[in-house]
Amino acid sequence: GSDPTMGKLIITGRRDAVNAAGKALKELLEQATKEVKTVEFDGVLFSALAMRAEGAAETLLDKIRASSGCALLHADRQSRTIQILGNPEAMAAASRMVDEALAEMKPKIAAVALPSRAVIPAIVGTGGQTIQRVRRETNCELFIDEEAMQVRVFGESEGREKALEQLAAIIAERERPISSRVS
């Protein structure tokens, strides 16, 4: 048999609460059918945008969502995009805030070229130990961009320079001929 409630949402409670919930649901559904704004970002910035810093109550995107009033602000690591959903004013405000945040972060990004894909396992290390050590020692975020054949580094100047030096040393060691790697 067919369930007569299938595809329906039943809201129960006090009349004023039911009316408020119905109105909120209607607004949400109207927003969900509107266009979503998409902003691209550098993959190395994912953690800075979408993950809570140690001891922080919310992420940068959480703060932007709350300040702008948009319904949804979501960063997707794989596509390197931020989706913004809300009324037009909130979407414009959120988009502007995201653009400003990305512009502030851009000068803190540097890159080191990968001479070949063969150096990637050396940078990552067994179980991710090497890349985690570089992150920990430099307080920087690292992102291996295989399409661009580079490692992107995000952080403050001193840590960023240290990370670039460590990555250059790892790459140089990996690229050195095996016969000259004798210790």
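**Exercise 1. Is Asn139 buried or exposed?**

Some ground rules before solving: this is a predicted model, where local features need pLDDT of at least 70, side-chain atom pairs count only at pLDDT 80 or more, and totals for chains, interfaces and linings use all residues. Residues are numbered from 1 along each chain as its sequence is written, and side-chain values use heavy atoms, with hydrogens and water left out.

*Step 1.* Get the cut-offs: buried means under 20% relative accessible area, exposed over 50%, and partly exposed in between (1.4 Å probe, protein chains only).

*Step 2.* Asn139 has a relative accessible area of 68%, so it is exposed.

*Step 3.* Now place Asn139: look in the loop between H6 and strand E5 (141–145). Helices (H or I, at least four residues) and strands (E, at least two) are DSSP runs, numbered from the N terminus.

**Exercise 2. Look at the backbone of Asn139 and Arg80, and work out what stands out.**

*Step 1.* Start from the rule of thumb: most residues other than glycine have a negative phi.

*Step 2.* Asn139 has a positive phi, near 55°. Arg80 also has a positive phi, near 55°.

*Step 3.* Arg80 sits in the loop between E2 and E3. With 23% relative accessibility, Arg80 counts as partly exposed.

**Exercise 3. Describe the largest pocket.**

*Step 1.* Know the term: on a 1 Å grid over the protein atoms alone, a pocket is an open set of points where a 1.4 Å probe fits, with protein on both sides within 12 Å along at least five of seven lines; lining residues have an atom within 4 Å of a point.

*Step 2.* Count the lining: 15 residues, with Asn139, Cys140, Glu141, Phe154 and Gly155 nearest the centre.

*Step 3.* Ask who contributes: helix H2 (46–50), helix H4 (88–105) and helix H6 (129–138) each give two or more residues. H6 gives the most, with 3 residues.

**Exercise 4. Find the residues at the heart of the largest nonpolar core.**

*Step 1.* A nonpolar core is a set of buried Ala, Val, Leu, Ile, Met, Phe, Trp, Tyr and Cys residues joined through side-chain atoms within 4.5 Å.

*Step 2.* The largest one has 22 residues, and Leu45, Leu73 and Ile82 touch the most other members.

*Step 3.* H4 supplies the largest share of this core, 6 residues.

*Step 4.* Zoom in on Leu45: leaving out residues up to four places away in sequence, Leu45 touches Leu102, Met105, Ile109 and Phe154, where contact means heavy atoms within 4.5 Å.
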